[in-house]
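I opened this entry to keep track of what I looked up and in which order. Confidence comes before the fold, and the fold before the pairing of the chains.

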2 protein chains.
Amino acid sequence: MAPTPTTHIIGAGLMGASIGIGLTSEGWHVTISDADDEAQLLARSIGAGLEPGLEQPELVIVATPPGVTAQVVVDALNTWPEAVVVDVASVKAPIADVAERSGHAHRYVGSHPMAGREISGGMAAQGDLFRARPWVLCAGQASAAAVAVVTQVAEALQCDIIEMDARAHDRAVARVSHAPQAAASAVAAALAPLGVDDVALAGQGLRDVTRIAASRPEMWADIARLNRQAIVETIDHIVEELDAVRSAEDIGEAMTRLIDKGRQEVARIPGKHGGAKREWEAVTVIVPDEPGRLVELLSDAAAVGVNVEDLAIEHSPRQPVGLTTLWVLPQHAASLAVALEDGGWTVAGA
Amino acid sequence: MAPTPTTHIIGAGLMGASIGIGLTSEGWHVTISDADDEAQLLARSIGAGLEPGLEQPELVIVATPPGVTAQVVVDALNTWPEAVVVDVASVKAPIADVAERSGHAHRYVGSHPMAGREISGGMAAQGDLFRARPWVLCAGQASAAAVAVVTQVAEALQCDIIEMDARAHDRAVARVSHAPQAAASAVAAALAPLGVDDVALAGQGLRDVTRIAASRPEMWADIARLNRQAIVETIDHIVEELDAVRSAEDIGEAMTRLIDKGRQEVARIPGKHGGAKREWEAVTVIVPDEPGRLVELLSDAAAVGVNVEDLAIEHSPRQPVGLTTLWVLPQHAASLAVALEDGGWTVAGA
């Protein structure tokens, strides 16, 4: 094992503090600072890192808001001329460009740990926030030694390392994250003309589409500014698809064509363990809305040896029951449905 | 209790067969027919209704594909001059208009039982498909007696009856269902330029937004044609919101504004039991991907008396663990997290 680098983290929000807790608990020497005194104090008090002393960091992790990341990266490269500097912002190319112009690009590694949680702030920090999640590394002009140091971080936090070109990363996240956020928010915004009774017709489909529309807007201004071009290109693509439907001579045919296209692409979103999404089958069960009933249901499924691959709960608007859908491997669906019915459950669809 | 009407169902797909099974099991006299011999035979063999004899139906339920529903409704009104005719298509105004022109509108009631399952075909029929789900009634020019008969159906199937104007219904479903389907498919379609490694960056957000993009396209051509105007209006609204972002001088400010709008509207989508959506809190736990571990987790939650309001499972691309998020009432989140950690679970966020 390589010795762990003396590490300094700049920025004590959710990401910086979580990385700090994770590395500290792995025995790394970590210091942490934040422009906000309170955030800095909190981070140090929850074990995210110590107050910096006279030691020279060998690794500096920049975890500031994305809008100021490029500047902080360059400052860090200049302040610690021996240190490797890595940032964790969710847009990579504009920061890489600035780092490159600094003349220190061999010591800079762009990265994007994809926590995927819709929370923020140092209070929510957890050492294993990133565990088992993708951690994108954009090496750019970094030296192999610099990349190795950052790889140590990702390995210590037990992330899946994915190496990508910065521009390819930005184009990808525009399509898998940034523009979908805008689209989900736009679908939600288009509910505005509806009255309360109208909105009550919403089913699970709308709830799924608009779940991320409940996200907090804080980070999005920076992200949108930094990744403007790729976001605009993706929005244009989405709008083009929608326009083909709204302007079609035969809207029925156009809608079918769009849904067919979407089905083809959605099948490429990886499911479990990096494989192509499996074709699970749904077994839907009526579950009384009482503590413990969901456990009973899953116990009964486990008792017949069926692994539940995914699960969705749909609450009924006015009745004390919910519909729970268990997704299982196709070869298990029919036998699970029979076993559950034998066990007294009402299977509403399988 | 009013005596139950002699009932004939036209159309033995998922909806017709499910209604037939449900009413038959409640002791109603139900017959069922379908233009497709095989579907008809299947429906009769699974208890969805008998072969029609010489009896005159007092109620005719039209459960054909939406594109032919208006014509079948008019034929039924003419064939059985004493019967109440109800249809279950997911678009209501165009069918009501045709029924009105037939001169028998006092015997016609439009309805839309919202099963919300993404399945189809008589094979999947279940008598309680609609239980605890909204069943929209559009009375239009129907007599009170006709409405009462249809209300009996909804009550027998234990649905939540919601009375609405046909045009208001169509505008509402365009915004809560039809246009969101198009938007979700468009977001998925916009993944086309991405390579396999790029798509692997997808997180739970994209999976939620695009879940309904995996829907089968069969019914959508009819639906889109029948509800064209409302769908086009909604798509225009969604495109306008997206255009405000892509064309903004400051895309950051525009994105923030759109997300704020979306948050405001998404908060109006009703949650459990018809109340406004509660502010649940998420407790995210790392769960080994093995049969029975999810049950253990929920058992441990139930053991401390916490009701899990909703649940999401997020599989890790390359590791044999998944992240399971439990949504619970805010007052339970902290204590649940502590109890789970005490029980040996790794809580990745609470």
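**Confidence.** I began with chain A, whose mean pLDDT is 88, with 90% of its residues at 70 or more. I then looked for a weak stretch and noted residues 272–277 of chain A, where the pLDDT is below 50. Beyond near neighbours in sequence, that stretch has 15 contacts in the model. Where pLDDT is low, the predicted coordinates should not be read in detail. I therefore left the placing of that stretch alone. This is a predicted model, and I copied down its scores, ipTM 0.80 and pTM 0.80.

**Domains of chain A.** I looked up the domain assignment and found domain 1 (7–164), domain 2 (169–246) and domain 3 (281–349) in chain A. How far apart do the C-alpha centres of domain 2 and domain 3 of chain A lie? I read 31 Å for that separation.

**Sheet of chain A.** I followed the strands across and wrote the order as S2-S1-S3-S4-S5-S6-S7, an open sheet of 7 strands in chain A with mixed pairing. Which strands of chain A are at the edges? I found strand S2 (30–33) and strand S7 (160–163) there, each pairing on one side only. From one strand to the next, the twist averages 25 degrees.

I next checked one pair inside the sheet. Strand S4 (residues 84–87) and strand S5 (residues 108–113) of chain A run in the parallel sense and are joined over 3 bridges. For A:Asp87 I noted A:Gly110 as the bridge partner in S5(A).

I then turned to what lies on the sheet. Helix H1 (residues 14–25) of chain A packs on it and touches strand S1 (7–10), S2, strand S3 (59–62) and S5 of chain A. I recorded about 165 degrees between the direction of this helix and that of S2(A).

**Sheet of chain B.** I repeated the reading in chain B and got an open sheet of 7 strands, ordered S2-S1-S3-S4-S5-S6-S7, again with mixed pairing. Strand S2 (30–33) and strand S7 (160–163) of chain B each have a single partner strand, so one side of each is left without a neighbour in the sheet. The twist in chain B averages 25 degrees from one strand to the next.

Here I chose another pair to check. Strand S5 (residues 108–113) and strand S6 (residues 134–138) of chain B pair in the antiparallel sense, over 4 bridges. The bridge partner of B:His112 in S6(B) is B:Val136.

**Contacts between the chains.** I looked up the interface and found 119 residues of chain B in contact with 119 residues of chain A. On the chain B side, helix H6 (residues 166–189) gives the largest share, 17 residues. By class, I listed 64 nonpolar, 28 polar and 27 charged residues on that side.

**Symmetry.** Two copies of a chain are related by a rotation about an axis and a shift along it. I found that a rotation of 180 degrees, with 0.1 Å of shift along its axis, superposes chain B on chain A with an RMSD of 0.2 Å. That is the relation of a two-fold axis. Which residue of chain B comes closest to the rotation axis? I noted B:Val209, at 1.9 Å by its C-alpha. The same surface serves both copies, as 99% of the contact residues of chain B recur in chain A.

Conventions
Residues are numbered from 1 along each chain as its sequence is written. Chains are lettered from A and ligands numbered from 1 in the order in which they are written. This is a predicted model: local features need pLDDT of at least 70, side-chain atom pairs count only at pLDDT 80 or more; totals for chains, interfaces and linings use all residues. Two strands pair if DSSP finds at least two bridges between them. Helices (H or I, at least four residues) and strands (E, at least two) are DSSP runs, numbered from the N terminus. Axes are lines fitted to C-alpha atoms, for helices over the stretch in contact, and angles run from 0 to 180 degrees between N-to-C directions. Two residues are in contact if their C-beta atoms, placed from the backbone, lie within 7 Å. Domain bounds come from an automatic or database domain assignment. Ala, Val, Leu, Ile, Met, Phe, Trp, Tyr, Cys and Pro count as nonpolar, Asp, Glu, Lys and Arg as charged, and the others, Gly among them, as polar. Copies are superposed by least squares on the C-alpha atoms of residues with pLDDT of at least 70 in both. pLDDT is the predictor's confidence in each residue, from 0 to 100.
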